[in-house]
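Visitor: Please show me the model. I would like to ask how its labels are justified.

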Amino acid sequence: MPTTIPEPVNDSLFSGPFFQQFLAITQYQTIIAIMVLLISFYLIYQMQKRKISFFMRMLVGLIFGAVIGLGAQFLAGFPDQTTTALKESSIWYGLFGKTFIAFIRMIVIPLVFVSIVKVVLDFGADKSLPKITRRGIFWLLFTTGIAAILGMVIAAVMGLGKGDEIIVTAAKQREVSNLVDTFVNLVPSNIISAMNSNNIIGLVIFSALLGIAANRMAPKAPQVIGVFKQLIDALHKIVMSMTMTIIKYMPYAVIALLAGTIMNHGLPAVQKVLGFVVAIYVASFIMVVIHLMIIGAHGLSPMMFLKKSRDTLVMAFSSRSSVGTLPMTISTLTERLGVSGGTANLVPSLGTTMGMNGCAGFFPALLVMMVANMVGIEMNLQFYIMLLIVIVIGSIGIAGVPGTATIAATVALSGMGMGEYFPLIGMVLAIDPLIDMARTMTNISGAMTSAVATDKELGLLNEDRYKDPEAVLSADGNDNADGNANSI
């Protein structure tokens with residue numbers, strides 16, 4: 001007598017191609033997951049209406065995302081393979097997470113263009129402080145280069161992304177060219193094509209040349225160039241407004257990205273991203289030590305620098321805003337560390353738009369190395385040199401406000417021809433609050449180090465004040481320091 005095999009129980013709420021393939025809703029658990037996500041969005045919106053800080057919204061979003069994702073996995077019994085309900089839920093959560101990522105990628109080209117032109121226009125024609133400008137820019141970009149190399153080393157030592165291969169044939173898609181051709185290809189033959197193909201380095205070169213040409217023409221045609229500068233200034237304000245409008249929705253995206261990733265990949269996804277958090281804090285600690293070594297190399301006391309800058313670094317850590325910390329940074333440099341007024345105002349101000357050691361230094365280096373391991377791209381000497389160039393040049397024009405390190409990551413990935421893999425860093429973006437504090441502190445430490453080194457080299461530093469342990473801020477230096485951090 002033949003054995004009858006029982007048919008599997010179909011617990012689908014809906015069936016058919018429309019629900020299964022197009023709508024991706026066949027389970028009642030999927031509907032519940034969507035409702036839970038919308039409720040969490042409503043709670044974040046209520047926090048926003050009550051003017052609760054951006055940091056707290058990000059932190060709550062991180063908690064919501066983890067709880068929702070782990071809760072869904074728990075109710076599913078932590079399956080070895082993704083169930084239908086978990087897969088469908090992650091698809092709908094991806095609607096919000098992936099849309100946010102798409103908006104971020106959309107804003108990169110206009111943001112880099114107007115930011116680079118504005119930086120060149122603002123500081124390229126400054127005749128009163130040319131030496132300070134040159135030295136300050138050197139130290140900002142030099143320390144960012146060190147931070148990028150540090151990020152590469154840490155990523156290689158920790159093996160970030162290894163064992164998580166997604167596309168093992170990706171290495172075959174990258175053509176290997178010699179070093180000379182690599183440098184030649186940085187110059188775009190068609191700027192529109194460069195923008196279309198996310199050639200960030202080519203865009204930076206074009207934008208810088210445009211700003212330099214405008215400055216050179218200013219004495220000959222002051223009225224026309226004046227109008228051009230006003231146009232660039234207006235465009236910069238508009239694009240920055242667009243950027244901050246997008247960043248404002250990052251707490252919502254954090255919930256969707258984190259919860260969706262945990263649903264789709266389970267607990268191993270959380271364990272993998274914790275390694276990235278550790279890498280960020282290790283890089284931040286080592287980079288601050290390097291800053292102290294630079295101070296020591298200039299014949300100054302590293303411990304005195306650390307003691308007097310401690311409060312400013314703590315504020316940067318808690319506010320997560322290089323721009324928001326700027327008033328206190330300037331006051332600390334002038335009143336406690338003896339830096340001249342010109343250097344203290346110029347170098348940290350430049351440091352909020354270029355050479356941020358954390359957000360635009362080791363952070364994009366770690367991400368690119370991780371993604372390269374994940375997609376199987378071969379990393380050789382040419383890759384590392386190219387990555388260093390992309391990060392240092394790309395660090396120009398990245399605004400020092402919460403959340404915009406995501407822009408730096410986009411610039412680095414696009415500059416390395418890996419823009420298509422940007423969605424792979426969604427889990428990292430979801431835990432951004434945990435790593436942004438260390439990045440911002442490193443940004444400020446690098447800017448202050450650059451200012452002190454610049455002033456010391458030019459003989460402008462008041463060393464008596466630097467050595468004076470009693471030198472304090474006259475008014476705490478932070479009357480307006482928290483304005484930008486919580487205004488999102």
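Visitor: Why does Lys118 count as buried or exposed, whichever applies?

Guide: Lys118 has 18% relative accessibility. Buried means under 20% relative accessible area, exposed over 50%, and partly exposed in between (1.4 Å probe, protein chains only). Lys118 therefore counts as buried. This is a predicted model, in which local features need pLDDT of at least 70, side-chain atom pairs count only at pLDDT 80 or more, and totals for chains, interfaces and linings use all residues. Residues are numbered from 1 along each chain as its sequence is written, and side-chain values use heavy atoms, with hydrogens and water left out.

Visitor: What makes Asp233 and Lys118 a salt bridge?

Guide: Their closest N and O atoms are 3.8 Å apart. The term requires a side-chain nitrogen of Lys or Arg within 4 Å of a carboxyl oxygen of Asp or Glu, so the pair of Asp233 and Lys118 qualifies. Asp233 lies in helix H9 (residues 222-247) and Lys118 in helix H4 (residues 84-124), so the pair ties together parts 115 residues apart in sequence. Helices here are DSSP runs (H or I, at least four residues), numbered from the N terminus.

Visitor: Why is Asp233 called partly exposed?

Guide: Asp233 has 30% relative accessibility, so Asp233 counts as partly exposed.

Visitor: What joins Glu457 and Arg135?

Guide: Their side chains form a salt bridge at 2.9 Å, N to O. Glu457 is in helix H19 (residues 432-457) and Arg135 in helix H5 (residues 130-158), so this pair links parts 322 residues apart in sequence.

Visitor: How many salt bridges does the structure hold?

Guide: The structure holds three; one of them pairs Lys456 with Glu463 at 2.5 Å, N to O.

Technical notes
Helices (H or I, at least four residues) and strands (E, at least two) are DSSP runs, numbered from the N terminus.
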